[in-house]
Amino acid sequence: MYFIIMETKTKIAGVEFGSYVLNASGPDCSTLEELKVIGGSGSSAIMMKSSTIEPRQGNEEPRYAKLLSGSIQCMGLPNLGYQEYIKFPIQLQKYNKPIIASVAGLCVEDYKKMVKAFQDSEVDLIEVNLSCPNLEGKPQAAYDFKQSEEILKAISDLGNKPIGLKLPPYYDFAHTKQMAELIKKYNVSFVTCINSVGNVLVIDPETETPIIKPKKGFAGLGGSCIKPIALANVRKFYELLKGEVQIFGVGGIESGADVFEFLLAGADAVQVATTFKEEGATCFERINKEFEEIMKRKNYNSIDEVKGNLKFL
Ligand code: RRO
């Protein structure tokens, strides 16, 4: 008699992840206490909130709301400032998982300063956020390819830790292609697709107002309603990057079946945001278990047997 051991371990830029599912930079990963909760959960890594040079309170409340099939938020980058996040990894080492920094500069110099500081820290990977949609008057860097290249030039040779880009959804393949070309030109190890769908508006007909206060209601859409957009972005980058650059899928993951879909599209691991916010840190173990059950039922022994193997009609 023998047992087949099903492997959902994964590796991103040479760093080992105990499972395929982790938290996304976003909800409940700003303070050391929150990061410890993630450390003690089924999340296979500890991803930190995007940091800025100075600490930020973020936007006015209400700035988050649950929707029928997702969430809307306009947080405005509330974080403790990058110098705190540089100190946290030492205090999180006991969880024995990869620790990922996220940086969101307000200008090129900010990105350079923070990436350099994290290169000299104990984090394992650095996710460079080019796609925060919620800063008044500040367009998303990743929709401006010239600005994206300036940032990439400034950050790509500052140390040996692998760097990735958190990208917004693209809706035209010409744009996906332009970004993929930039990614291949610079030293980028992974991409994270997708950040929230920016600048959507949800209106309450009773109060006759938007349901979110900052930016006159324009805010980022997340959760299950954005899953098809996320899958399309993962798939298109998978086709364009051909395994040379790895992919975190994020957007609307609620169940093991969702995870399996991202694996078929070509993701190397997935990140969970809205479901973590709504269900709490037990979601990681549940989603992982559901994912493993699907893999077993379909007689797959490892994620590599499925990754990118989308079949066509
Ligand atoms: O903090 C936010 O408002 C925020 C960020 Br930094 C981001 O990258 N994406 C998002 O939907 N919200």
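**The ligand site and the cysteines**

A backbone N or O atom of L77 lies 2.8 Å from an oxygen atom of the ligand, and this contact is a convenient place to enter the structure, which is a predicted model. M75 also approaches through its backbone, with an N or O atom 3.3 Å from an oxygen atom of the ligand. S196, by contrast, uses its side chain, a polar atom of which lies 2.6 Å from a ligand oxygen. Of the 310 Å² of accessible area that the ligand has on its own, the protein covers 93%.

The ligand sits in the largest pocket, and the residues around the ligand can be followed along the sequence, beginning with K49 and Q73, continuing through M75, G76, L77 and P78, then N129, C132, P133 and N134, and ending with N195 and S196. Sorted by class, this shell has 5 nonpolar, 6 polar and 1 charged residues.

C132, one of the residues around the ligand, leads to the matter of the cysteines. A disulfide is a covalent bond between the sulfur atoms of two cysteines, and the structure holds 0 disulfides. What keeps C107 from forming such a bond in this model? The closest cysteine sulfur to that of C107 belongs to C132 and is 15 Å away, which is too far for a bond, given that a disulfide requires the two sulfur atoms to be within 2.5 Å. C107 has 36% relative accessibility and therefore counts as partly exposed.

C29 can be examined in the same manner. The sulfur of C29 has its closest cysteine sulfur in C283, at 12 Å, and so this pair too is too far apart for a bond. Is C29 buried or exposed? Because its relative accessibility is 0%, C29 counts as buried, the cut-off for that class being under 20%.

Note on methods. Residues are numbered from 1 along each chain as its sequence is written. This is a predicted model: local features need pLDDT of at least 70, side-chain atom pairs count only at pLDDT 80 or more; totals for chains, interfaces and linings use all residues. Side-chain values use heavy atoms; hydrogens and water are left out. Buried means under 20% relative accessible area, exposed over 50%, partly exposed in between (1.4 Å probe, protein chains only). A residue is near a molecule or strand if one of its heavy atoms lies within 4 Å of it. A polar contact is a pair of N or O atoms within 3.5 Å; within protein, one must be able to donate a hydrogen and the other to accept it, and residues adjacent in sequence count only if both atoms are side-chain atoms. Accessible areas come from the Shrake-Rupley method with a 1.4 Å probe; for residues, only the protein chains shown count as cover. On a 1 Å grid over the protein atoms alone, a cavity is a set of points where a 1.4 Å probe fits but cannot get out, and a pocket is an open set with protein on both sides within 12 Å along at least five of seven lines; lining residues have an atom within 4 Å of a point. A molecule sits in a cavity or pocket if more than half of its atoms lie within 2 Å of its grid points. Ala, Val, Leu, Ile, Met, Phe, Trp, Tyr, Cys and Pro count as nonpolar, Asp, Glu, Lys and Arg as charged, and the others, Gly among them, as polar.
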